[in-house]
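Colleague: I have a model open and would like to learn how to read it. Could we go through the features one at a time?

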Amino acid sequence: ALQIHCFGREYRRNTSGSQYRFKELVRHFGDSFDHPFSLQHLLKIGKEHLNKSYGEWYGPSTVAYVLRVCVDYAKEKGMPGSIVNITDFNVFTATDCMVFKGDIVK
């Protein structure tokens, strides 16, 4: 979803110049707490926000919440030097299995 959001549906990695753009996107998933979508960062958010232990199961709603926090973190901190812009990317989580149109339209 993030790749489509940042580069569009017509984007293909094997075209000239596209490898650099793809590497910039993948950098957000690097192996460090500083990268907003790294496994370490996901687990840290689960521990701090939801009191989840390392190795504990994350269900769909937990993952959605953690990803929402990661996106907010990425918007706030960004990735220095990155050409990937996720400032208008959002993650919505359902409350009691309900999504309200007003929350999405904002």
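Modeller: Start with burial, and with the cut-off: a residue counts as buried under 20% relative accessible area, as exposed over 50%, and as partly exposed in between. By that rule, 28% of the 106 residues in the protein chain are buried. Keep in mind that this is a predicted model.

Colleague: How many helices and strands are there in the protein chain?

Modeller: The protein chain has five helices and zero strands. Read from the N terminus, the order of elements is α-α-α-α-α.

Colleague: Where is confidence lowest, and where is it highest?

Modeller: The general idea comes before the numbers. Where pLDDT is low, predicted coordinates should not be read in detail. Here the mean pLDDT of the protein chain is 80, and 87% of the residues score at least 70. Confidence is lowest in α5, with a mean of 75, and highest in α3, with a mean of 91.

Colleague: Let us turn to charges. How many salt bridges does the structure hold?

Modeller: The criterion is a side-chain nitrogen of Lys or Arg within 4 Å of a carboxyl oxygen of Asp or Glu. The structure holds one salt bridge. It joins E56 and K52, whose closest N and O atoms are 3.6 Å apart. That distance satisfies the criterion because 3.6 Å is within 4 Å.

Colleague: Where in the chain are the two partners, and is each one buried or partly exposed?

Modeller: E56 is in the loop between α3 and α4, and K52 is found in that loop too, between α3 and α4. K52 has a relative accessibility of 15%, so it counts as buried. E56 has 37% and is therefore partly exposed.

Colleague: Which residues come close in space to these two, though apart in sequence?

Modeller: Compare the separation along the chain with the C-alpha distance. E56 and G46 are ten residues apart along the chain, and their C-alpha atoms are separated by 9.6 Å. For K52 and T62, the sequence separation is ten residues and the C-alpha distance is 9.6 Å. Q40, in helix α3, can be read in this way against Y54: 14 residues apart in sequence, 9.8 Å apart in space, C-alpha to C-alpha. Q40 is partly exposed because its relative accessible area is 24%.

Colleague: And over a longer stretch of sequence, how far apart are D88 and H5 in space?

Modeller: D88 and H5 are 83 residues apart in sequence, but their C-alpha atoms are 9.2 Å apart. D88 lies in the loop between α4 (60-77) and α5. D88 has a relative accessible area of 53%, so it counts as exposed.

Colleague: What sits over the ring of Y54?

Modeller: The charged end of K47 sits over that ring, 5.8 Å from the centre. The distance limit for such a contact is 6 Å from the ring centre.

Colleague: How are aromatic pairs read, and how many are there?

Modeller: A pair of aromatic rings is described by the distance of the centres and the angle of the planes. The centres must lie within 6.5 Å for the rings to pair. The count by this rule is one aromatic pair.

Colleague: Next, the backbone. What is the sign of phi at N51?

Modeller: Phi of N51 is positive, near 55 degrees, and the residue is not glycine. N51 is placed in the loop between α3 (39-50) and α4. Its relative accessible area is 63%, so N51 is exposed.

Colleague: One last item, the surface. Which residues form a nonpolar patch there?

Modeller: The patch consists of F92, V99 and I104, which together have about 280 Å² of accessible area. Membership requires over 30% relative accessible area. I104 meets that requirement because its relative accessible area is 43%, which makes it partly exposed. I104 lies in helix α5 (residues 101-105), the element where confidence is lowest, at a mean of 75.

Notes: Residues are numbered from 1 along each chain as its sequence is written. Side-chain values use heavy atoms; hydrogens and water are left out. Patches are made of residues with over 30% relative accessible area and no salt bridge: like charges are joined within 9 Å, nonpolar side chains (Val, Leu, Ile, Met, Phe, Trp, Tyr) within 5 Å. Accessible areas come from the Shrake-Rupley method with a 1.4 Å probe; for residues, only the protein chains shown count as cover. Helices (H or I, at least four residues) and strands (E, at least two) are DSSP runs, numbered from the N terminus. Buried means under 20% relative accessible area, exposed over 50%, partly exposed in between (1.4 Å probe, protein chains only). Rings of Phe, Tyr and Trp (its six-membered ring) pair if their centres lie within 6.5 Å; planes under 30 degrees apart count as stacked, over 60 as edge-to-face and the rest as tilted. A charge sits over a ring if NZ of Lys or CZ of Arg is within 6 Å of the ring centre and within 35 degrees of the ring normal. pLDDT is the predictor's confidence in each residue, from 0 to 100.
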